[in-house]
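Hi everyone, thanks for coming. Let's have a look at this one together, and please keep the picture open while I talk.

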Amino acid sequence: MEIGIEDEIVDMSMPPPLNGSMNIARNNDFGHNKEFMSRDAYLRNRYSEIDIEVEDSSSNQNGPLPIFLKFEDVEFKVKNTQLGSNNPVKAMVTKVSTQHTVEQDKYKRILKGITGSIGPGEILALMGPSGSGKTTLLRVIGGRLLDNVKGKITYNDVKYTPAVKRRIGFVTQEDILFPQLTVEETLVFSAFLRLPTNMNKQQKYAKVETTVKELGLERCRHTKIGGGFLKGISGGERKRTSIGYEILVDPSLLLLDEPTSGLDSTSANKLLVTLQGLAKAGRTIITTIHQPSSRIFHMFDKLLLISEGYPIYYGTARETMEYFSSLRFSPEIAMNPAEFLLDMATGQVDGISVPTDIFDDQESAHDSSKAVINYLQHKYKTLLEPKEKQNHRGVTTPEHLQVAIQVKKEWTLSWFDQFAILSRRTFRSRCKDYFDKLRLVQALGVALLLGLLWWKSSTSTEAQLRDQVGLAFYICIFWTSSCIFGAVYVFPFEKYYLIKERKADMYRLSVYYVCSTLCDMVAHVLYPTFFMIIVYFMAGFKRTVACFFLTLFVVLLIAITSQGAGELFGAAVMSIKRAGMAASLILMLFLLTGGYYVQHIPKFMQWLKYLSFMYYGFRLLLKVQYSGDELYDCGSKGGCRPLQSSPTFATVNLRGGLKEVWIMLAMAMCFRLLAYLCLRRKIDV
């Protein structure tokens, strides 16, 4: 039976990009929000109300729903990239020489018929060498990979559904957590976004407190997660925080990809003890693991050993050595069981006694490792797989559990509730970037430099007028480039966090986008305002209240439109390198068609300027600052002339201006709508 599923957008095993400019939060508590995250309220909840609420909370009494997982003959294939060779002749010769079918040429099999089962209270370890298919199987079981999957996977004898998805926790190999938040902040925000609406604030705080204590995170609860250039908690604490992030919602099935990777043996052992405690609470746990220590190995209840996509052992972990001994494979020296099993999975039999009859034919003698693997695969098919399939058919999940797992867990908040919580988290995680000292020094420093260069400039002569118009165009360039490059990297940087949280149904994508845009708008309004207060009065622009505020409005309109354009470029490519390149090219196009460097653009190229918001912003800035009837150049031989007659304004009618305002507002809205649609196409799952 095939399972229909969607493509995986991105390999979540890849680490999220970390950059110093994105490590952006300083506060360790929730002191800014009196109602939602008041520090005093939190402490009161911790030490006075929590104990009572925990006892009365039905969610804690019920615990996770038991899940009996069965998977039978699971296969998975991916498109063979070798067919996409740049040399078509080589690809054709390879295809003809191998004489494969079209289907075989098109796809490569990763999983080749894997069968097993696990129930509540048990830990199943997926072992095998790198590239054997452990993570792929984990992602298939977790519903992360659905296309090109064959086989039968059931949860309490029910196929995968969105309701089942809500009961699965998935901990990736790389800990995808916001580095700027503390451990406590990470868990509290997750609790408020994911826990059911029928739980009040005290119960959600109590759940966080219970999780912190259960995972032993009390010592680092106020320490930032860290990563990259930002110091934070240790690797083991980060991994336990990732697990806590998932178990907050009491997942029935917890999947972990290489949870001990990068940890020392003591930290890894503590982590497995934690997993044992979670399993005893009624959870079903599956974890991939590469080469555990002997102590960790004996903590597993069941073991699935995979070699080149094929299973070669499935059963209880403590009977593993007995099984291979019955096949006449035994170590000749003292050896860690996990090391012995990896040797079996790779066919490396140095220091291991093997049955001699598997090397009888000449081909087997030539490739001993392949012969060992084939022999073990054959024994699995004949000895272990039939028993497991018979066990599947002989054991039926109770009917009430089959019904319960099909009931969708309703924990999604309303749009505005999600907005209220997510906007606080977004602001907290980016506030260091918003109030960065270097960014402030840049804005104020450039403002002072421009003010000194154009100190008390005037429009008395044609040359002075050109200088002041040049300043206006430079202001357009500066804030267009600053805001585009300030927004273009946001979505590529947060792509991995967004994918992870969208897969967990934490919030609506529209909520994330609106929060991101509005929070980032703080910086795109704050810095241009400080900038214009300095430049405007130093450079000698018109000193009237109306003119100042209209000029400031135009600059802010340029900044906000530029932010929307940057978001669009970033959401369209979702790559840090390509987003920067696209923004540079588009910025150069806007600059050249802005109406200052080239006023008389050839007819066949004139359509480009109508796509440039810098063109409309520059014209609007001129209309606000100058009047066509204003006289200038009175000291010349011809006498005073109106500004409209100046060659500088040959292509600009200084009257009006509302048309440009509406066009720029429409552009700002269109850029954001297109950015959201691109984000939905790239991210939504």
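Tyrosine 676 has 18% relative accessibility, so it counts as buried; buried means under 20% relative accessible area, exposed over 50%, and partly exposed in between, with a 1.4 Å probe and protein chains only. Tyrosine 513, at 6%, counts as buried too.

Before I go on, a word on where this comes from: it is a predicted model, where local features need pLDDT of at least 70, side-chain atom pairs count only at pLDDT 80 or more, and totals for chains, interfaces and linings use all residues. Residues are numbered from 1 along each chain as its sequence is written, and side-chain values use heavy atoms, leaving out hydrogens and water.

Back to our tyrosines. The structure holds 29 aromatic pairs, meaning rings of Phe, Tyr and Trp (its six-membered ring) with centres within 6.5 Å; planes under 30 degrees apart are stacked, over 60 edge-to-face, and the rest tilted. Tyrosine 513 and tyrosine 676 make one of the tilted pairs, 6.0 Å centre to centre with 55° between the planes. What does this pair link? It links distant parts of the chain: tyrosine 513 is in helix α21 (residues 509-539) and tyrosine 676 in helix α25 (residues 658-683), 163 residues apart. Helices (H or I, at least four residues) and strands (E, at least two) are DSSP runs, numbered from the N terminus. Both tyrosines belong to one aromatic cluster with Phe491, Tyr507 and Tyr512.

Now the sheet. It is open, with six strands in the order β5-β6-β7-β3-β8-β9 and mixed pairing; two strands pair if DSSP finds at least two bridges between them. Which strands stand at the edges? They are β5 (168-171) and β9 (310-316), each with a single partner strand, so one side of each is left without a neighbour in the sheet. Strand β5 runs parallel to β6 (residues 253-257), joined by four bridges, and valine 171 has leucine 256 as its bridge partner in β6.

Helix α13 (residues 337-346) packs on this sheet, touching β3 (123-127), β8 (302-307) and β9, and its direction makes about 35° with that of β8. Contact here means heavy atoms within 4.5 Å; axes are lines fitted to C-alpha atoms, for helices over the stretch in contact, and angles run from 0 to 180 degrees between N-to-C directions. Eight of the 10 residues in α13 are buried, including Phe340 and Met344. Just after α13 comes glycine 347, with a positive phi near 80°.
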